[in-house]
Amino acid sequence: MLQLSSALCLFASLLAALPVNADGLYTKKSPVLQVNQKSYNQLIANSNYTSIVEFYAPWCGHCQNLKPAYEKAAKNLDGLAKVAAVNCDDEENKPFCGQMGIQGFPTLKIVTPSKKPGKPRVEDYQGPRSAKGIVDSVVDRIPNHVKRVTDKSLDEWLSADEEAPKAILFTEKGTTSALIRALAIEFLGSIKVAQIRNKESDAVEKFGVTEFPSLVLLPGNGKEHIVYDGELKKGPMVEFLSQAASPNPDPAPAPEKAKKSSKSSESDKKPKSSDPTGSEDSTAEPKPSVLSQATTPAPPIETLSTPEALQLSCLSSKSGTCVLALVPEAIDGTEPSGAAKEILDSLAEVGHKHAQRQTKLFPLYNIPASNAAIKAIRTTLGLSEDTQLVEVIALNARRGWWRQYDPSEASDYGSVRVEAWIDAIRLGEGARNKLPEGIVVDAEQPEKNADHDEL
């Protein structure tokens with residue numbers, strides 16, 4: 001038996017040493033897009049779509065284990081984002097994988113379009129190696145070119161470039177779905193896309209909408225609007241909108257504003273000599289990820305030192321979602337330490353990531369123990385009254401809920417776990433507690449965080 005086991009191990013080692021088929025793990029029929037050094041720029045870096053790219057070696061056991069989940073994610077993201085793979089065992093791809101900082105397999109990187117065409121943001125994927133984890137992370141980074149309008153702003157949006165075709169999604173939801181964002185990307189620069197809530201009664205009546213969600217096309221040039229009555233799937237919806245304009249080729253051309261700034265010199269138009277990645281932060285040297293190479297640290301989150309500032313920002317009846325870190329006061333003006341420093345650094349990192357991605361995030365605040373409102377908040381919510389203990393809570397005064405971050409027995413305030421907790425809040429996942437009376441104060445003030453209705 002021992003001899004058989006040794007023979008099998010030797011056989012596996014010999015297989016690993018053999019030349020590897022360039023096709024790697026994924027066949028031509030796989031939903032995963034196979035990319036190499038030559039096609040990366042065209043298919044990934046220059047696309048208006050978000051992509052996730054797996055860098056792998058066919059002999060890698062972890063890569064083989066990931067394959068079913070990765071292909072499932074590719075099927076779920078079909079038409080919404082790109083799911084691609086690079087075989088780093090292919091001799092042609094080895095220099096490219098090195099320039100992308102690949103040091104182990106599999107490495108997953110999310111590539112998000114930026115305002116500069118062909119210069120995407122690239123970051124390491126650190127989430128669960130599951131289809132759901134991959135899909136959720138990629139969907140979160142799909143660019144949003146959909147304009148939110150109301151009864152008050154609709155006419156202004158319609159009158160801007162009246163001859164151009166437009167599309168409006170009427171929906172009961174406050175969030176902008178991945179599907180409508182993908183449609184806006186498909187017609188970026190040719191059809192302007194907006195979203196409006198069902199509660200905007202004037203707009204609903206104006207277009208005769210009776211069911212939600214409903215997609216309305218305004219072909220432009222004075223033509224009557226058309227209400228879509230087909231399946232809520234991307235293919236038929238693209239076909240419907242194509243009556244007014246052709247969808248963009250893939251990779252899609254740059255947005256209209258970028259096209260107008262074409263008075264650059266001939267040297268600017270030439271591709272950079274040794275940058276196959278298309279990333280503005282790429283160099284010829286291997287590196288772990290773009291985000292980890294930031295030259296400046298994440299700026300600290302804002303501190304609310306007074307009860308008035310806390311009330312105005314988060315405890316008014318019109319305030320939206322806030323995350324509050326209740327931390328002990330630093331001694332003699334020194335920097336916070338221990339759990340306080342860890343949670344403040346983690347929240348700063350999460351906020352910085354969203355700022356780099358240009359995705360909206362509710363405000364994150366540092367509430368030091370010197371804030372006179374702390375004791376009342378701890379007592380009312382049933383938290384520990386020991387102001388030397390760190391507590392992290394999220395609350396939404398307008399909707400009347402709150403929830404507490406549980407660091408578990410290990411007191412884990414690390415950025416990965418904190419970011420997962422914040423993502424769950426953004427997606428509306430997890431249990432919420434009802435805010436007790438006495439915390440929310442009625443105040444006449446502009447509505448804050450109104451663009452986070454989904455929360």
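## Aromatic contacts

Arg432 sits over the face of Trp401, 4.3 Å from the ring centre. This is a predicted model. The remaining contacts described here are between aromatic rings.

Nine aromatic pairs are counted. Two of them are set out below.

| Pair | Centre to centre | Angle between planes | Geometry |
|---|---|---|---|
| Tyr40 and Phe96 | 5.1 Å | 55° | tilted |
| Tyr405 and Trp421 | 5.3 Å | 75° | edge-to-face |

**Tyr40 and Phe96.** Why is this pair tilted? Its planes stand at 55°, and the tilted class takes what is neither under 30 degrees nor over 60. Tyr40 belongs to helix α2, residues 40–45. Phe96 belongs to helix α4, residues 94–99. The partners are 56 residues apart in sequence, so their contact ties together separated parts of the chain. Both Tyr40 and Phe96 are buried.

**Tyr405 and Trp421.** This pair is edge-to-face, with 75° between the planes. Tyr405 lies in the loop between β15 (401–404) and α15 (415–426). Trp421 is in helix α15 itself. The two residues are 16 apart, and the pair links distant parts of the chain. Are these residues buried or exposed? Tyr405 has a relative accessible area of 3%, so it is buried. Trp421 has 9% relative accessibility and therefore also counts as buried. The cut-off for buried is under 20%.

**A tyrosine cluster.** Which residues do ring pairs link into a cluster? They are Tyr26, Tyr56 and Tyr70.

Note on methods:
Residues numbered from 1 in each chain as written. Predicted model: local features only at pLDDT ≥ 70, side-chain atom pairs only at ≥ 80, totals over all residues. Heavy atoms only, no water. Phe/Tyr/Trp six-rings, centres within 6.5 Å; stacked < 30°, edge-to-face > 60°. Helix = DSSP H or I, 4+ residues; strand = E, 2+ residues; numbered from the N terminus. Buried < 20%, exposed > 50% of the residue type's maximum accessible area, 1.4 Å probe, protein only. Lys NZ or Arg CZ within 6 Å of the ring centre and 35° of its normal.
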